[in-house]
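Hello,

Here is the structure I promised to pass on. Have a look at it first, and then read my notes below.

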Amino acid sequence: MWLLYLPLVLPALAGLAARPLAALLDPRQATWLLSIGAVALATCSTAALALLAAYAAARSPVLSGLGDYSQQVIRRADPIPNATGAIAGLALAGAAIAVTVLFRNRARALTAAYRHAAGLHSRDGLVIVPGPAIEAYALPGRPGRIVVSDRLLDRLDASGRAALIAHERAHLSGRHYLFAAATRLAAAANPMLLPVARAVDYTVERWADEHAAAVTGDRSLVAETIGQVALLAGPRPPRMPRMSLGIVSSRTRRVSLALAGPVPRRVAALLTAPPPRRILVLAASAVIIGLAALAAVDTAADLHALVEIAQAGQ
Amino acid sequence: MHQPDPRHASDRSAGAGRRAAGTLEAEVLGILRASDGPLTPGEVRDRITGGAQPELSYSTVVTIISRLHDKGLLARQRSGRGFTYTPVDEASLAASRMRLALGSGDDRGAVLSRFVSGLSGRDARLLRTLLAEARDVAASSPDEPTESG
């Protein structure tokens with residue numbers, strides 16, 4: 001019966017492993033692994049919650065009457081305490097609400113983006129907006145658009161523009177917004193998966209960076225361009241005053257990236273060798289996700305068997 | 001070098017300065033729309049002063065044009081040391097409005113893949129260090145083959 005708790009524990013482990021995996025793996029592999037993993041683990045943990053709630057609910061006289069099974073048998077064999085079942089039921093309801101709200105909002109936002117993209121006339125999918133802002137983004141659509149402010153284009157040379165546009169095109173052709181949406185939905189179902197969703201936000205950026213590096217043939221150019229644009233766009237005021245974390249300011253010492261935000265990590269990754277594809281890590285992760293699924297299926301079979309025994313005992 | 005012509009400095013107060021700013025903006029926009037290609041502020045001024053109206057100073061024209069650019073009505077391209085300007089087409093105007101629409105609201109911005117996310121002050125320092133290190137490495141090993149040069 002302890003198996004039923006496994007799908008509830010694994011998302012926490014996945015949350016801890018997400019950021020190291022995102023740094024270790026080839027970004028494309030990492031994106032797929034983390035997205036499939038998040039959705040699979042969210043499904044399993046939701047199923048586990050549903051089963052816990054179902055065990056508790058099976059004791060209710062209304063259900064035993066409807067399902068024509070013996071309450072005595074269920075009470076004798078049922079391993080789940082009532083309180084656990086009630087908590088699981090509440091968590092399940094919360095997850096259902098969170099997923100519904102997020103799904104509705106994200107679907108609306110995507111629809112709005114598609115509508116806007118269809119209304120934008122552009123040359124080769126590129127729309128240049130005037131005005132003082134320094135910004136560039138990919139707008140999902142059919143076809144999607146790349147929107148860049150003219151002030152930003154002014155500041156970049158031809159190779160920098162090529163790197164920026166190749167990066168944004170990779171987001172559109174790889175449909176990266178779908179990975180982001182899938183993992184956010186998973187995290188809505190199980191908040192322990194939130195670090196996985198954040199890691200995927202990072203790996204899709206890395207994926208697009210590596211694509212831009214492949215297109216332009218120059219990793220350091222892409223790193224320079226990201227750094228240049230980020231510094232042009234200006235620092236964001238920190239959310240809360242933070243103590244000095246001992247980050248190295250002298251150039252002689254190795255820079256610490258452990259606590260850094262996504263932009264410095266992307267630049268650092270581009271300034272080193274491209275990450276290799278690691279089949280072993282992938283296989284190990286697949287095994288762990290498989291275990292969670294097995295545990296959920298096994299427990300479901302247990303519950304089914306118990307109800308059948310109880311029906312026989314009626 | 002576009003220096004304001006001292007000859008016109010007094011004209012600004014004499015004639016043009018009294019004209020309403022809105023009229024001037026509309027006039028400049030009209031000139032740019034009527035033109036076949038991008039214009040420099042100097043060329044715009046020449047076309048205004050081509051008529052019977054009193055002459056405008058170069059700096060007045062630049063002020064009007066940059067105001068129009070800030071409003072998102074003109075696009076500019078770098079040309080030599082200065083800029084040339086073109087009126088914004090419908091597509092770009094639509095993009096500006098869309099940015100306003102997508103920038104606000106609960107989940108709206110989440111579907112846009114921005115090139116860079118915001119930097120904290122610490123990230124900015126870290127980034128400068130990383131880029132400086134990379135440039136040092138590139139400078140100290142010139143014999144190593146690099147794709148970009």
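**What turned up**

Let me start with helix α6 of chain B, residues 121–140: the helix has 20 residues and reaches 29 Å from its first C-alpha to its last, close to the 28 Å expected at 1.5 Å a residue. Please keep in mind that this is a predicted model.

Which residues of α6(B) are buried? They are D123(B), A124(B), L126(B), L127(B), L130(B) and L131(B). These buried residues cover an arc of only 165° around the axis, so they sit on the same side of α6(B). On the other side of α6(B), you will find G121(B), A132(B), D136(B), A139(B) and S140(B) exposed.

What do the buried residues of α6(B) pack against? Their partners belong to chain A: α10 (219–233) and α11 (262–270).

Two spots in the backbone of chain A are also worth a visit. As background, most residues other than glycine have a negative phi, and most peptide bonds are trans.

The first spot is the peptide bond from R142(A) to P143(A), which is cis, with omega near 0°. To find P143(A), go to the loop of chain A between β2 (136–139) and β3 (145–149).

The second is R175(A), which is not a glycine and yet has a positive phi of about 45°. Look for R175(A) in the loop between α7 (158–173) and α8 (176–189) of chain A. Why does R175(A) count as partly exposed? Because R175(A) has 13 C-beta neighbours inside 10 Å, while a residue is exposed at 12 or fewer and buried at 20 or more.

Enjoy exploring, and best wishes!

Terms used: Residues are numbered from 1 along each chain as its sequence is written. Chains are lettered from A and ligands numbered from 1 in the order in which they are written. This is a predicted model: local features need pLDDT of at least 70, side-chain atom pairs count only at pLDDT 80 or more; totals for chains, interfaces and linings use all residues. Helices (H or I, at least four residues) and strands (E, at least two) are DSSP runs, numbered from the N terminus. The expected span of a helix is 1.5 Å times one less than its number of residues. The arc is that of the directions from the helix axis to the C-beta atoms. Two residues are in contact if their C-beta atoms, placed from the backbone, lie within 7 Å.
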